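Reader: I've got the sequence and the fold up on my screen. Can you walk me through some of the details?

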Amino acid sequence: MSLPLNMSLYESAVFGALDLSNRVVMAPLTRTRAAEDGVPNDVMVEYYRQRAGVGLIVTEGTWPVVAGKSYPGQPGIETDEQIAGWRRVADAVHAEGGTIVMQLMHGGRVSHPEISGVDLVVGPSAIASPGQGRTVTGEKVDLPVPHALTTAEVAETVAQFVQAARNAIAAGMDGVEVHGANSYLVHQFLSPESNVRDDVYGGSPENRARFGIEVTRAVAEAVGAERTGIRLSPQHQIPGVLESDDADARATYTALAEGLAPLGLAFVDILHADPKSDIVQHIRHAAGAPTILNSGFGVVTTREEAEELVLEGWADAVAVGRPVIANPDLPTRWEQRAELNEPRPEYFYTGGAEGYTDYPSLADVRSER
């Protein structure tokens, strides 16, 4: 689905059941501020409330089961306490007129027993993720060789995503986004480097796309396709999930997009350094859903780029990371061509309010002059 040309970044939109006041989307941003038990706290409530003026908030990656937890301070959506904590977030955003969806993120092999607190680390194949994880004490640990999910366990994992989606809606979220990007479980199934299975979930591009399709379909059936989206990062080339073969990557993401197309999803959210590239636009049109594009992973999306992507019809909305961290009222600042706060990366993952909820709004800045 493509919108007409000459749409403005600052115009409203409707993605399925989601009403966007503008087309600036808050990208899912890991900030590691949750309590040790994965329950959202007061500072998280304020953080999301402050940013309710973006057209759509996509929450940080939230684990559906504790075995899928990848980082200390990462929130979950498994327990009653976590549901209640997220309900406070959703209520605060809605009180400010905002729209918010929860990103459901199973880290798969990007985990460790000293991070999740459980012995089981899973993946599509018994191949360890390169690199290290960081425990609650700050110690760096090598990520273990995961248990390769059996076919029956794959079905159980799909059911875990479904229950998490239901929990998110019970918490008052407007919808959910399946995390199929950035080297986590769904992405691990997509890549021929991390997935060397020889059953129906491995081998061919169509088989490697199967898990992502099954998860998204099951979630859509549970909470409504009009409230369901998916995030993808084709050929992001994160070590361990390389998608270096152009033909294979295109075939894999074609199979995925064509499998998603009949669902009538609320949106597809694509992260890629070149949003105008052939593979991105191919996925966009094959999936047949409103498309959110995000050009940066460590690269800052500028106002000029975001406006152009929507105005010229490359995207239906644009997801933004660091500028939204530093500027809670980013759409207002961009539309008014106002000055921006600078992000403070040293506080991105430190916990607490500093560098999290203490960025001033434009009104605050101007009142101090």
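Author: Here is a short round of questions and answers on a few strands, helices and loops. Keep in mind that this is a predicted model.

Reader: Let's start with strand β12, residues 267-271. Is the strand largely enclosed or open?

Author: Look at its two faces: F267, D269 and L271 sit on one side, V268 and I270 on the other, and all are buried. That makes five of the five residues buried, so β12 is largely enclosed by the rest of the structure.

Reader: How many bridges join β11 to β12, and which residue stands opposite D269?

Author: Strand β11 covers residues 228-232 and runs parallel to β12. The two are joined by four bridges. As for D269 in β12, the residue opposite is R231.

Reader: And how does the chain get from β11 to β12, and with which hand?

Author: The route goes through helix α7, residues 246-260. That gives a β-α-β crossover, and its hand is right-handed.

Reader: What about β12 and β13: which residue of β13 faces V268?

Author: Strand β13 spans residues 291-294 and pairs with β12 in the parallel sense, over four bridges. With helix α8, residues 278-287, the two strands make a right-handed β-α-β unit. Opposite V268, in β13, you'll find T291.

Reader: Now D274. Where does D274 lie, and how far is its C-alpha from that of N294?

Author: D274 lies in the loop between β12 and α8. Its relative accessible area is 37%, which falls between the 20% and 50% cut-offs, so D274 is partly exposed. Along the chain, D274 and N294 are 20 residues apart, and their C-alpha atoms are separated by 8.8 Å.

Reader: Switching to backbone angles: what is the phi of N182, and is N182 buried or exposed?

Author: Most residues other than glycine have a negative phi. N182 is not a glycine, yet its phi is positive, about 55°. You'll find N182 in the loop between β10 (175-180) and α5 (185-190). Its relative accessible area of 10% is under the 20% cut-off, so N182 is buried.

Reader: Which loop holds Q235, and what is its relative accessibility?

Author: Q235 is another one with a positive phi, near 50°, in a residue other than glycine. Its place is the loop between β11 and α7. Q235 counts as buried, with a relative accessibility of 18%.

Reader: Back to the loop between β10 and α5: which residues does S183 touch, leaving out those up to four places away in sequence?

Author: S183 is in that loop and is buried, with a relative accessible area of 12%. Leaving out residues up to four places away in sequence, S183 touches V110, Q188, I238 and V241.

Reader: Last one, on α4 and α6. At what angle do their axes cross, and how many contact residues are nonpolar?

Author: Helix α4 is residues 151-170 and helix α6 is residues 205-223; their axes come within 9 Å and cross at roughly 35°. The crossing is right-handed. On the α4 side the contact includes V154, F161 and I169, and on the α6 side F211, V215 and V223 are among the partners. One residue of this contact is polar, two are charged, and the nonpolar ones number twelve.

Technical notes. Residues are numbered from 1 along each chain as its sequence is written. This is a predicted model: local features need pLDDT of at least 70, side-chain atom pairs count only at pLDDT 80 or more; totals for chains, interfaces and linings use all residues. Side-chain values use heavy atoms; hydrogens and water are left out. Axes are lines fitted to C-alpha atoms, for helices over the stretch in contact, and angles run from 0 to 180 degrees between N-to-C directions. A crossing is left-handed if the near helix is turned anticlockwise from the far one by less than a right angle, and right-handed if clockwise. Contact means heavy atoms within 4.5 Å. Ala, Val, Leu, Ile, Met, Phe, Trp, Tyr, Cys and Pro count as nonpolar, Asp, Glu, Lys and Arg as charged, and the others, Gly among them, as polar. Buried means under 20% relative accessible area, exposed over 50%, partly exposed in between (1.4 Å probe, protein chains only). Two strands pair if DSSP finds at least two bridges between them. A crossover is right-handed if, with the strands pointing away from the viewer, the path from the first strand over the helix to the second runs clockwise.
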